[in-house]
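Visitor: Could you take me through the salt bridges in this one? I'd like a close look at who pairs with whom, and how exposed the partners are.

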Amino acid sequence: MMEYKQIVDNIKMIASTLPPNVLLEAAAKTRSVDQVRAAIEAGVSIFGYNYVQEAESVKTHIETNVHWHMIGHLQKNKVKKAVQLFDMIETIDSLKLAQLVDRECVKEGRSMDALVEINSGREAKKTGLFPDDVESLVRAASNLSNIRITGLMTMGPWVENPEELRPYFRETKKVFDHIAALNLPNVLMTHLSMGMSDSYRIAIEEGATIVRLGTILFGPRS
Ligand SMILES: *Cc1c(COP(=O)(O)O)cnc(C)c1O
């Protein structure tokens with residue numbers, strides 16, 4: 001396991017290789033509060049969590065003002081808590097979920113930036129919308145007052161060689177550009193979240209503006 005100083009140096013090194021328009025998000029599942037602090041010291045300001053509960057338990061120990069993103073499937077019964085915790089939800093995958101987030105935001109008196117998750121591999125068992133279904137969801141969500149769609153997120157299918165992800169990233173970027181060109185009210189296509197430790201370079205070549213990195217920043221998960 002990498003220790004504090006190693007993580008700081010390692011993350012600084014990786015961050016220095018990213019183009020200036022690309023945001024580094026630490027995918028922080030299973031990492032300790034100390035490892036998160038090391039990432040903050042290295043300059044990371046976005047932390048992605050797959051579970052509401054895990055984000056909550058780490059966040060209570062972090063005093064620094066960083067951004068917390070939900071990057072896992074958001075269960076409907078966790079929406080209230082998610083709205084209290086996160087600065088962005090990257091995994092909107094149905095109109096129903098967008099409406100629930102909007103409603104909780106109204107109650108909390110806040111607004112939420114959100115990405116639509118794309119199932120770019122069109123896999124039956126994966127979450128996210130098929131590319132053809134994105135436009136109608138974004139159009140409907142644009143009418144909601146307290147949630148604002150600010151881009152797209154994708155994982156892509158599991159592949160042997162990360163190079164095989166390129167067509168899925170490329171298609172997601174195409175959907176992104178298509179939605180951006182619609183100029184819908186209350187929709188701001190700013191963020192394209194794609195690429196993980198083994199694929200982020202390819203994702204950046206295909207237009208990613210947020211890369212979600214775990215293993216390469218912190219070492220293997222135990
Ligand atoms: C874990 C995770 C990542 C990062 O994966 P690594 O291979 O460890 O870089 C990115 N995105 C999501 C949604 C994840 O769950």
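Guide: Let's fix the rule up front: a salt bridge here is a side-chain nitrogen of Lys or Arg within 4 Å of a carboxyl oxygen of Asp or Glu. Keep in mind that this is a predicted model. By that rule, the count comes to 14 salt bridges.

Let's start inside a helix. E104 pairs with K107, with 3.1 Å between the closest N and O atoms. Both sit in helix α5 (residues 95–108), and as they are 3 residues apart, about one helical turn separates them. E104 is buried at 11% relative accessible area, while K107 counts as exposed at 58%.

Next, a pair that links two strands. D113 and R148 form a salt bridge, their closest N and O atoms 3.3 Å apart. D113 belongs to strand β5 (residues 112–118) and R148 to strand β6 (residues 147–154), so the bridge ties together parts 35 residues apart in sequence. D113 counts as partly exposed, at 23% relative accessibility, and R148 is partly exposed too, at 32%.

Then there's R170 with E206, whose side chains meet at 2.8 Å, N to O. R170 lies in helix α7 (residues 166–182) and E206 in the loop between α8 (200–205) and β8 (210–213), so this pair ties together parts 36 residues apart in sequence. R170 is partly exposed, with 47% relative accessible area, whereas E206 is buried at 9%. These two also have company: E163, R166, R170, E205 and E206 are linked in a network of salt bridges.

Conventions. Residues numbered from 1 in each chain as written. Predicted model: local features only at pLDDT ≥ 70, side-chain atom pairs only at ≥ 80, totals over all residues. Heavy atoms only, no water. Helix = DSSP H or I, 4+ residues; strand = E, 2+ residues; numbered from the N terminus. Buried < 20%, exposed > 50% of the residue type's maximum accessible area, 1.4 Å probe, protein only.
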